[in-house]
Amino acid sequence: MPLLLEHRSAIPSSLYTLLIGSGVDSVEEVVFSNIGNLLKKISRFYASSIYEKGNRREISSELHNQQIDVGQSQTEMRQDIVMVEDDDENQEKTNTSDLSNIKFDPALVKKQLYILQEYFISRYAPKSVSVEQMLLNNEKAQIQPLNTGSGTLDMLLGSGIHVGELTEILGYQSSGKTSLCMTVALNSIIEKNSNTVLWISSNSSFNARDFAKLYEAKSTLYREQIRQSQLESQTSNSGDANDICSLCETLHKIRALDIMTALELKSTLLELVNIIESGQDVFYNTLRLVVIDSLSVILSQLFPTRVNSKISEKEDCSFDELIRLMKKIARKYHIAFLYTNYTINETEDRTTLGESCKYFSHVRLLCKRLEKQPIQEEGTFFEAKLIKSPRRSLIHPRVFFQVMSLGVVDVIDTNVLPLCL
């Protein structure tokens, strides 16, 4: 196992200082140690460092306040004291200079340690891959990730929404989850390709009229961009307006289903497998994206609450079973699953489905509506924070995007962001 020094750029500076100071200097110690034990070791190091720093300052202050008679021997003694003080000060700078600006928060450090463990495990854990799986991975690599509409958000996600994976969009009410799903769905089918989209809704979130308005704005922009690029290059090789599907063609490439229970979702997924295997429906043969909005509402009956403590569907369907089925479909048929989940409040990433759901998704993206919105700017501003990903470092996992008539786009005027924070 390599040393933490080799991954210093991927570890927050404060956490790196605390780990090295507490004697944890290898990836192996982070991966195989209990998080609670690591936190105790860091706490002891931080407390002892602060205590020693305070003692040195007291001793130094007393020595400077003492009145020593002038004499040869006393002068030498004073020189020795100064040398000791210098050594102590140098040692203090070496050990605690980095701690002077660190505010130790055990809850934050614990969360960072969990993220760091997941990062190292995903990077160094041995993976057994069969020949069949290698062929599937090669086919998957040839399929481009789905565009979110925001370049910065695509970069954060590692080029976009990847096929063969489960991507979870979580957030509180009005946090841009449905708008993001709608934009990804349109971007994947607006061009003349074979992609199709299945939209599974628990609250009739798919509105054909809103989708048509989004198409009109997006297609107008696409055609204008193609026209300008043709004028600049004086050729027609830069694109053709006929590459954009008509509204009728686009609507034929998306189907919406209303599902209210976990059993209905399970039946739908099993039926989806049968249809794809049979090859009778061309629509499902080229299915590239499945949107579930919202998964938390559909699966709410599987989790007991204060109002309804009885789980009527527990014997016939489970959360684990549904997630395994979704992963199997995504991996085998190269389909991206994009589903939304509600958080219990605006500040935390805890969801209504509990802590277990954070282990099932390949990618988790937390969306939040900015409290302060610019008055004179069009659209609504949101913050997206990446909290789980097999591809990206989680040091700076935050970007901003804007929801306009075009759907999700990059923030046009970045100068307004400081006013929103």
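**Exercise 1.** In this predicted model, find the strands that helix 14 lies across, and give its angle to strand 5.

*Solution.* Start with helix 14 at residues 319-333. Follow its contacts into the sheet: helix 14 lies across strand 1, strand 4 and strand 5. Then compare directions: helix 14 runs at about 150 degrees to strand 5.

Now try helix 8, residues 177-189. Helix 8 lies across several strands, among them strand 1, strand 2 (196-201) and strand 9, and runs at about 160 degrees to strand 2.

**Exercise 2.** Work out the strand order of the sheet, and say which strands stand at the edges.

*Solution.* Lay out the nine strands: the order is 3-2-4-5-1-6-7-8-9, in an open sheet with mixed pairing. Next, look at the ends. Strand 3 (254-258) and strand 9 (407-410) each have a single partner strand, so one side of each has no neighbour in the sheet. On average, neighbouring strands are turned by 25 degrees against each other, direction ignored.

For one pair in detail, take strand 1 (residues 166-171) and strand 6 (residues 363-369): they pair in the parallel sense over five bridges. Here Leu170 stands opposite Leu366 in strand 6.

**Exercise 3.** Is Arg255 buried, partly exposed or exposed, and which residues does Arg255 touch?

*Solution.* First, place the residue: Arg255 is found in strand 3. Its relative accessible area is 32%; partly exposed covers values between the 20% and 50% cut-offs, so Arg255 is partly exposed. Leaving out residues up to four places away in sequence, Arg255 touches Val197, Leu198, Trp199, Asp281, Phe283 and Tyr284. Finally, check the side chains: a polar contact of 3.2 Å joins those of Arg255 and Asp281.

Definitions and conventions: Residues numbered from 1 in each chain as written. Predicted model: local features only at pLDDT ≥ 70, side-chain atom pairs only at ≥ 80, totals over all residues. Heavy atoms only, no water. Pairing = 2+ DSSP bridges. Helix = DSSP H or I, 4+ residues; strand = E, 2+ residues; numbered from the N terminus. Axes fitted to C-alpha atoms, helices over the stretch in contact; angles between N-to-C directions. Contact = heavy atoms within 4.5 Å. Buried < 20%, exposed > 50% of the residue type's maximum accessible area, 1.4 Å probe, protein only. Polar contact = N/O pair within 3.5 Å; in protein donor to acceptor, adjacent residues only side chain to side chain.
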